[in-house]
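Colleague: Could you walk me through the ligand site and one helix, and tell me how each label is earned?

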Amino acid sequence: MPPVAPAPQAPVQLLSPAGVRRSQPTGEHEHPDVEEYAALVAEVGAEQLRARYRDMALVRRFDVEATALQRQGELALWASCTGQEAAQIGAGHGLARHDHVFPTYREHGLAWVRGVDPLQVLQLYRGASHGGWDPAAHAFHVYTLVIGAQLPHATGYAMGIQRDGLVGTGDRGRDTAVMACFGDGASSQGEVNESLSWAAVFSAPVVFFCQNNGWAISAPASRQSAAPLHARAAGFGMPGVQVDGNDVLAVEAVVRAAGDRARSGAGPTLVEAVTYRVNAHTTSDDAGRYRTREEEESWVAKDPLTRVEAHLRATDGADDAFFAAVREESDELGARVRRGVREMTDPAPTSMFDHAYAAEHPLVASERAWLETWLATEPEEAR
Ligand SMILES: Cc1ncc(C[n+]2csc(CCOP(=O)(O)OP(=O)(O)O)c2C)c(N)n1
């Protein structure tokens, strides 16, 4: 019997956990295309790496504050992205500004790169908004809590782009790709697999971006797939690339290549960023019930921020003053987030009808009228 899964290959890595930058293959057990990917981010020098570090540090601080705010009863729930900053900041910088992103509920780093204010993200987790930001203004769609539900949307949107003639024209300012985000757990959803199949058959310009963070709540990735997730791509008829998801540089390179391919009209790519959800699934979960401390510590040792810091320090790309300035900026962000959340006001109860349909709808109008009457006549009960 031939082997059922391809021989394991190391993920694409351009910055080692010790902070050493690579541009050439150095050993046997590694990705064969390291050189090509390194060339795609050759222009990412010290200045850009400082910017990536700053992005990751601010997003982490935002995450820490949001977790604390949930504990203080200011947010209903929080889904932490600590540990996944490189995957998200790298992906954000690998895309073109006008590409469209369809996130799940943990994409705070991608939201940050897309210019969504952290307080807009928190509106959703406080229950003060159904969305929080204008998807068109940021080319970043609203969060989806239903696992995998955004993948058919992303694929359909990409096919629309294709039909609008925004793919394969050779005009970099015009050709557009779509990024569809999902997790290892979501890879088991029918909709995700249907989207992969459909996008491949129609050469839709999609970058399927899977953050394999090891766990789907308490179910390990090994219970979701018997084959490495990126290896599934071949069965759908598209390339699949596994990348070190804690390496911001490698993720940027791999997403850039996948985005270029999508925009050129060559079709979708499945990118599997191998990373780790350092905190519990959400603030409602206790990861200590299903994970070992050793596992958690082994991933903390591969922290995405420390490797960029190590690299910048070793190459004189940044000094103490830079890291102190980022810490100061983080403190300011933390204070702004705390203040902003406490100042959020509850939306009017009838606002839930405002954006249900683009035009007036008789059913929505009658339900709104009923609620208005009830609020006016039974204010005590309605509270
Ligand atoms: C259709 C659907 N089924 C089940 C759930 C409950 N649920 C919420 S998160 C989650 C696990 C998702 O894991 P993964 O896709 O790996 O993403 P992660 O949260 O690890 O980033 C599940 C099963 C849901 N939200 N939607």
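Modeller: Happily! By class, the shell around the ligand holds eight nonpolar, five polar and two charged residues. This is a predicted model, where local features need pLDDT of at least 70, side-chain atom pairs count only at pLDDT 80 or more, and totals for chains, interfaces and linings use all residues. Residues are numbered from 1 along each chain as its sequence is written, and side-chain values use heavy atoms, leaving out hydrogens and water.

Colleague: What makes G185 a polar contact of the ligand?

Modeller: A polar contact is a pair of N or O atoms within 3.5 Å. A backbone N or O atom of G185 lies 2.7 Å from an oxygen atom of the ligand, so the pair fits that definition. A polar side-chain atom of D184 lies 3.1 Å from a ligand oxygen, and a backbone N or O atom of L145 is 2.9 Å from a ligand nitrogen.

Colleague: How do you know that α10 is helical in its length?

Modeller: The expected span is 1.5 Å times one less than the number of residues. For the 17 residues of α10 (residues 248-264) that gives 24 Å, and the end C-alpha atoms are 24 Å apart, which agrees.

Colleague: Why is α10 called largely enclosed?

Modeller: Buried means under 20% relative accessible area (1.4 Å probe, protein chains only). In α10, 13 of the 17 residues are buried, so the rest of the structure largely encloses this helix.

Colleague: What lies at the ends of α10?

Modeller: D247 caps the N-terminal end, with a side-chain oxygen 3.1 Å from the backbone nitrogen of L249. Just after α10, G265 takes a positive phi of about 95 degrees.

Methods:
Polar contact = N/O pair within 3.5 Å; in protein donor to acceptor, adjacent residues only side chain to side chain. Nonpolar A, V, L, I, M, F, W, Y, C, P; charged D, E, K, R; others polar. Helix = DSSP H or I, 4+ residues; strand = E, 2+ residues; numbered from the N terminus. Buried < 20%, exposed > 50% of the residue type's maximum accessible area, 1.4 Å probe, protein only.
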